[in-house]
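Reader: Hi! Could you take me through one part of this model in detail, and tell me how it sits within the rest of the chain?

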Amino acid sequence: MRYRLTFVAGVVLGYVLGTRAGRERYEQLKKTAQQFAQNPAVRNTAESAAHQGREFAGKAYHVVSDKVGDRVPESVADRVRHLRDRATHNGGEDDWGTSNT
């Protein structure tokens with residue numbers, strides 16, 4: 001019985017110390033990640049990558065719609081044409097409020 005009680009006390013003590021150390025390490029990693037994300041160079045790179053991705057997606061959208069436009073049902077082709085016209089007439093704004101250019 002005494003060994004069982006010692007074992008349980010050791011498990012509880014290990015759990016408490018381990019969770020405290022784990023929590024401290026988690027907070028340290030969280031702080032480092034926030035500092036990294038707030039770095040101006042990282043933010044600029046992420047913004048330019050997102051902008052380039054939007055540009056590429058817009059170009060791919062137009063290329064695919066031009067090539068596939070006559071091979072899809074007329075209702076789908078009409079919808080694609082409508083979206084393309086809306087994008088050009090709205091000054092380049094899409095549904096998400098970001099520029100396609």
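Author: Let's start with confidence, since this is a predicted model. Among the elements of the chain, α1 has the highest mean pLDDT, 86, while helix α3, covering residues 74-89, has the lowest, 73. For the chain as a whole the average pLDDT is 79, and 82% of the residues score at least 70. Helix α1 is therefore a friendly place for a close look, being the element with the highest mean pLDDT.

Here is the setting for that helix. The chain has 3 helices and 0 strands, arranged along the sequence as α-α-α. Of its 101 residues, 5% count as buried. The chain exposes about 8,700 Å², and carbon and sulfur atoms supply 61% of that area.

Now to helix α1 itself, which runs over residues 2-37. Which residues make its salt bridge? The partners are E27 and R23, whose closest N and O atoms are 2.9 Å apart. The structure holds 1 salt bridge, and this pair forms it. The spacing along the helix helps to explain the pairing: E27 and R23 are 4 residues apart in α1, so about one helical turn separates them. In general, an α-helix has 3.6 residues a turn, so residues three or four places apart point the same way. As for its surroundings, E27 is partly exposed, with a relative accessible area of 32%.

There is also a nonpolar surface patch to look at. F7, V8, V11, V12, Y15 and V16 make up this patch of about 590 Å². One of its members, V11, is placed in helix α1. V11 has a relative accessibility of 44%, so V11 counts as partly exposed; patch residues need over 30%, and V11 meets that cut-off.

Moving on along the chain, helix α2 covers residues 40-68. N39 caps the N-terminal end of α2, with a side-chain oxygen 3.1 Å from the backbone nitrogen of A41. Helix α2 has 29 residues and reaches 41 Å from its first C-alpha to its last, which is close to the 42 Å expected at 1.5 Å a residue.

Still in helix α2, we find S65. Is S65 buried or exposed? S65 is buried, because its relative accessible area is 9%. The C-alpha atoms of S65 and A77 are 8.0 Å apart in space, and the two residues are 12 apart in sequence. That brings us back to helix α3, residues 74-89, the element with the lowest mean pLDDT.

Definitions and conventions: Residues are numbered from 1 along each chain as its sequence is written. This is a predicted model: local features need pLDDT of at least 70, side-chain atom pairs count only at pLDDT 80 or more; totals for chains, interfaces and linings use all residues. Side-chain values use heavy atoms; hydrogens and water are left out. Helices (H or I, at least four residues) and strands (E, at least two) are DSSP runs, numbered from the N terminus. Buried means under 20% relative accessible area, exposed over 50%, partly exposed in between (1.4 Å probe, protein chains only). Accessible areas come from the Shrake-Rupley method with a 1.4 Å probe; for residues, only the protein chains shown count as cover. A salt bridge is a side-chain nitrogen of Lys or Arg within 4 Å of a carboxyl oxygen of Asp or Glu. Patches are made of residues with over 30% relative accessible area and no salt bridge: like charges are joined within 9 Å, nonpolar side chains (Val, Leu, Ile, Met, Phe, Trp, Tyr) within 5 Å. pLDDT is the predictor's confidence in each residue, from 0 to 100. The expected span of a helix is 1.5 Å times one less than its number of residues. A polar contact is a pair of N or O atoms within 3.5 Å; within protein, one must be able to donate a hydrogen and the other to accept it, and residues adjacent in sequence count only if both atoms are side-chain atoms.
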